[in-house]
Amino acid sequence: MASIASVVVSVRLFAGLRERAGTDRLEVELPDGARVADLLAAMAGTPVGAIRPRECVVAVNREYADVDEPVNAGDEVALVPPVSGGSGPVRHVRITGEKLDIAALADAVRDPRAGAVVLFEGVTREVPELDYEAYAEMAQARIGQIAAEEAERHGLTAVAIEHRTGTVPLSEPSVIVAASAPHRGEAFAGARALIDRLKAEAPIWKVEVTESGRERIPGTLPLT
């Protein structure tokens with residue numbers, strides 16, 4: 001009897017799934033021609049265990065994928081749990097472990113065509129620190145896509161966004177969104193849309209760190 005062909009896929013894990021498995025990456029064997037649904041079913045036999053409904057979505061090659069998406073050897077695959085929320089108008093997008101500089105982002109979006117610059121800082125509040133984890137490569141690409149779409153939708157002149165990873169102490173910014181536009185209405189609306197979508201779609205997670213311990217902040221699954 002001929003053996004059934006199979007492929008081995010490397011799967012990246014983040015946030016609670018990483019903690020549950022005790023590792024940030026697993027090698028999973030799948031039948032040749034497998035799809036995302038097969039990958040999710042196969043997780044039951046790994047340290048992650050069975051995947052509950054709406055516990056995560058799958059990203060294949062840094063794009064959110066539905067259950068029928070093929071999974072092939074060599075694909076970059078990740079399980080994305082619920083997230084805690086240059087040229088052209090997108091001047092700068094970065095995921096970084098360094099402190100954020102609001103003045104630098106403001107300068108990045110200044111333009112002779114812009115009569116308004118809006119800056120949003122999301123800062124740590126009420127707890128000594130927050131600890132951020134990101135699927136950095138995908139988060140940066142996704143934020144860049146969001147920035148381009150909202151710049152076009154709101155008529156923004158320029159956009160710059162940075163999100164910090166690692167430990168962010170009380171009152172320091174974890175995310176800065178800068179948007180410029182010819183008029184204040186477009187700048188305010190565009191900045192609001194940018195931060196709302198970033199929080200909902202970018203694969204970034206946070207943990208509150210207090211004297212009593214660490215508490216992971218629940219989120220929502222991004223749309224596929």
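Q: What span should the 18 residues of H5 have, and how far apart are its end C-alpha atoms?
A: The expected span of a helix is 1.5 Å times one less than its number of residues, which gives 26 Å for the 18 residues of H5, and since its end C-alpha atoms are 25 Å apart, the two values agree. Helices and strands here are DSSP runs, numbered from the N terminus, a helix being H or I over at least four residues and a strand being E over at least two. The model is predicted, so local features need pLDDT of at least 70 and side-chain atom pairs count only at pLDDT 80 or more, while totals for chains, interfaces and linings use all residues. Residues are numbered from 1 along each chain as its sequence is written, and side-chain values use heavy atoms, with hydrogens and water left out.

Q: Why do Arg 197 and Glu 201 count as they do, buried or exposed?
A: Buried means under 20% relative accessible area, exposed means over 50%, and partly exposed lies in between, with a 1.4 Å probe and protein chains only. Arg 197 has 18% relative accessibility and therefore counts as buried, and Glu 201, with a relative accessible area of 15%, is buried as well. These two charged residues also belong to a salt-bridge network that includes Arg 142, Glu 149, Glu 150 and Arg 153. Other buried residues of H5 include Ala 187, Gly 190 and Leu 194, and among the elements that cover the buried residues of this helix are H4, S9 and S11.

Q: What makes the pair Arg 197 and Glu 201 a salt bridge?
A: A salt bridge is a side-chain nitrogen of Lys or Arg within 4 Å of a carboxyl oxygen of Asp or Glu. The closest N and O atoms of Arg 197 and Glu 201 are 2.8 Å apart, and both residues lie in helix H5, four residues apart, about one turn of the helix. The structure holds 22 salt bridges.

Q: Which parts does the pair of Glu 172 and Lys 99 tie together?
A: The side chains of Glu 172 and Lys 99 meet in a salt bridge of 3.6 Å, N to O. Glu 172 lies in the loop between S10 and S11, whereas Lys 99 lies in the loop between S6 and helix H3, so the pair ties together parts that are 73 residues apart in sequence. Lys 99 has a relative accessible area of 58% and is therefore exposed.

Q: Why does Arg 216 count as it does, buried, partly exposed or exposed?
A: The relative accessibility of Arg 216 is 25%, so this residue counts as partly exposed. Its side chain meets that of Glu 19 in a salt bridge of 2.4 Å, N to O, and Glu 19, with a relative accessible area of 44%, is partly exposed too.

Q: Which residues have the most contacts inside the largest nonpolar core?
A: A nonpolar core is a set of buried Ala, Val, Leu, Ile, Met, Phe, Trp, Tyr and Cys residues joined through side-chain atoms within 4.5 Å. The largest one has 29 residues, and those with the most contacts inside it are Ile 143, Leu 156, Val 159, Ile 161, Leu 194 and Ile 204. Helices H4 and H5 are among the elements that give two or more residues to this core. A second, separate core of 21 residues includes Val 7 and Cys 56.

Q: Why does Ser 180 count as it does, buried or exposed?
A: Its relative accessibility is 0%, so Ser 180 counts as buried. Ser 180 lies in strand S11. Contact means heavy atoms within 4.5 Å, and, leaving aside neighbours within four places in sequence, Ser 180 is in contact with residues including Val 109, Leu 156 and Ala 158.

Q: What makes S10 and S13 the edge strands of their sheet?
A: Two strands pair if DSSP finds at least two bridges between them. The open sheet of four strands has the order S10-S8-S12-S13, with antiparallel pairing, and S10 and S13 each pair on one side only. Four bridges join S8 to S10, and Thr 167 in S10 is the bridge partner of Asp 131.
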